[in-house]
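Here is my note on the model, set out as numbered points. I begin with a pocket lining and go on from there to the iron site, the helices and a few individual residues.

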Amino acid sequence: VLAALAAAGMAVCVGCGGGGDKSTETSGDPEADRRADLRVGGGEDEAKDDRTLYARLGGEATLTAIVEDMTARVIADPRVNFERKNVKRNWLGDMYKAWPPTPENVEQFKRRMVEFLTLAAGGSTQYTGRDLKVAHEGMKITNSEFDAMVGDIKTSMDKLGTRTREKRELLAIIETTRKQIVEEQ
Ligand code: HEM
C-alpha cells in the first residue's frame, strides 16, 4: 500500500511540475537549454532512427570506405590467411589453389563485398558474386580465422568512426555468414 501511494504521489508530483512553473524546466539560459536539447534530443533521435542500416551507416560512400579499409587489413593479417596459402585440401596433401591478391582480384572482391553488405544492410543493388558457401568451398576456413577477420572489420569501423549501433548491426550480419564460410573445426 505504501509503495502504491508513493508511486501515485510521484506521478502526481511529476504532473504538477510540468504545469505552470516554467522555471523548473529551463536553466534560465536559452542558449544552454538549446545546447542541452541538442545533446539529449540527438541521442534519442539516433536510437529512434528507423531508417535501414544502409542509410544510417551513410550509404554507398561509407560502406565502400569500410570495405576498402577492411580489405587491406584482412589481406595483410597473417591470422586470417586471406589468400589461403598452404591450405591442404585432404590427407594426401593436395593444396588449395591460393588466391593471388592481384589488383583485379582485389577490386572484384571489394565490389562484391560492397554489393553483399549493401543488400544485407537494406540498400539496393545487384549482387554479382557467388553464393558465399560456394565461393569459400575448399578454403578450409577455421573459426579462429573467421574471428580474426571479424576483428579486422571491427577495427576498420572503429577507425572510421562508425557508431555503436551501426557497428553492432553490421557485425551481426557478418556473423550470420559464419556457417556458410567456416568448414574446419
Ligand atoms: C577468414 C575469413 C574469410 C576468408 C579467408 C575469405 C576469403 C575469400 C577469398 C580468397 C575470396 C576470393 C575467392 C575467389 O575469387 O575465388 C573471397 C570471396 C568473397 N568473400 Fe570471403 N573470406 C572470408 C570471410 C568472408 C566473410 C565473413 C564474408 C562476408 C561477410 C565474405 C564475403 C565474400 C564475398 C562476397 C566474396 C566474393 C565472392 C565471389 O567472388 O563470388 N568472406 N573470400
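1. In this predicted model, the lining of the largest pocket is made up of 21 nonpolar, five polar and five charged residues. The space in this pocket comes to about 760 Å³, and among the 31 residues that line the largest pocket, those nearest its centre are Phe-82, Phe-109, Ala-135, His-136 and Met-139. Two or more lining residues of the largest pocket come from each of H5, H6 and H7, and H5 supplies the largest share, with seven residues.

2. His-136, which is one of the residues nearest the centre of the largest pocket, is also the single protein donor to the iron atom of the ligand, with NE2 placed 2.1 Å from the metal. In terms of secondary structure, His-136 is located in the loop that connects helix H6 (132-135) to H7.

3. The second largest pocket holds about 200 Å³ of space and has a lining of 13 residues, with Glu-60, Thr-64, Arg-111, Val-114 and Glu-115 nearest its centre. H4 and H5 are the elements that contribute two or more residues to the lining of the second largest pocket, and six residues, the largest share of that lining, belong to H5. By residue type, the lining of the second largest pocket splits into three nonpolar, four polar and six charged residues.

4. As for the chain as a whole, the secondary structure consists of nine helices and zero strands, and 32% of the 185 residues are classed as buried. When contacts between residues at least 6 apart in sequence are considered, 68% of them join residues at least 24 apart.

5. Helix H4 covers residues 59-75, and its 17 residues reach 24 Å from the first C-alpha to the last, which is close to the 24 Å expected at 1.5 Å a residue. Its buried residues are Gly-59, Leu-63, Ile-66, Val-67, Asp-69, Met-70, Thr-71 and Val-74. The partners against which the buried residues of H4 pack are helix H3 (53-57), helix H5 (103-120), helix H7 (143-159) and helix H8 (164-175).

6. Helix H7 likewise has 17 residues, with a reach of 24 Å between its first and last C-alpha that is close to the expected 24 Å. Buried positions in H7 are Glu-145, Phe-146, Ala-148, Met-149, Val-150, Asp-152, Ile-153, Ser-156 and Met-157, and the buried residues of H7 pack against H4, H5, H8 and helix H9 (178-181). After H7 comes Gly-161, which has a positive phi, near 75°.

7. Which residues does Asp-69 contact, once its neighbours within four places in sequence are left aside? Asp-69, which lies in helix H4, is in contact with Ser-156, Lys-159 and Leu-160. The C-alpha atoms of Asp-69 and Leu-160 are separated by 8.8 Å, although the two residues are 91 residues apart along the chain. Asp-69 counts as buried because its relative accessible area is 13%, under the 20% cut-off.

8. Thr-118 belongs to helix H5 and has a relative accessible area of 4%, so Thr-118 is counted as buried. With residues up to four places away in sequence not counted, Thr-118 touches Tyr-54, Leu-63, Gly-123, Ser-124 and Thr-125; of these, Leu-63 is itself among the buried residues of H4.

9. Two residues in the loop between H4 and H5 deserve a check of their backbone angles, namely Arg-84 and Asn-86. Arg-84 is not a glycine, yet its phi is positive at about 60°, and Asn-86, again a residue other than glycine, has a positive phi near 60°. Are these residues buried or exposed? Arg-84 is buried, because its relative accessibility is 2%, whereas Asn-86 is exposed, because its relative accessible area is 70%, over the 50% cut-off.

How values were computed
Residues numbered from 1 in each chain as written. Predicted model: local features only at pLDDT ≥ 70, side-chain atom pairs only at ≥ 80, totals over all residues. Heavy atoms only, no water. Helix = DSSP H or I, 4+ residues; strand = E, 2+ residues; numbered from the N terminus. Expected span 1.5 Å × (residues − 1). Buried < 20%, exposed > 50% of the residue type's maximum accessible area, 1.4 Å probe, protein only. Contact = heavy atoms within 4.5 Å. Donors = N, O, S within 2.8 Å, 3.2 Å for Na, K, Ca; no water. 1 Å grid on protein atoms, 1.4 Å probe; cavity = no way out; pocket = protein on both sides within 12 Å on 5 of 7 lines; lining within 4 Å. Points joined across faces, edges and corners; volume = space filled by probe spheres on them. Nonpolar A, V, L, I, M, F, W, Y, C, P; charged D, E, K, R; others polar.
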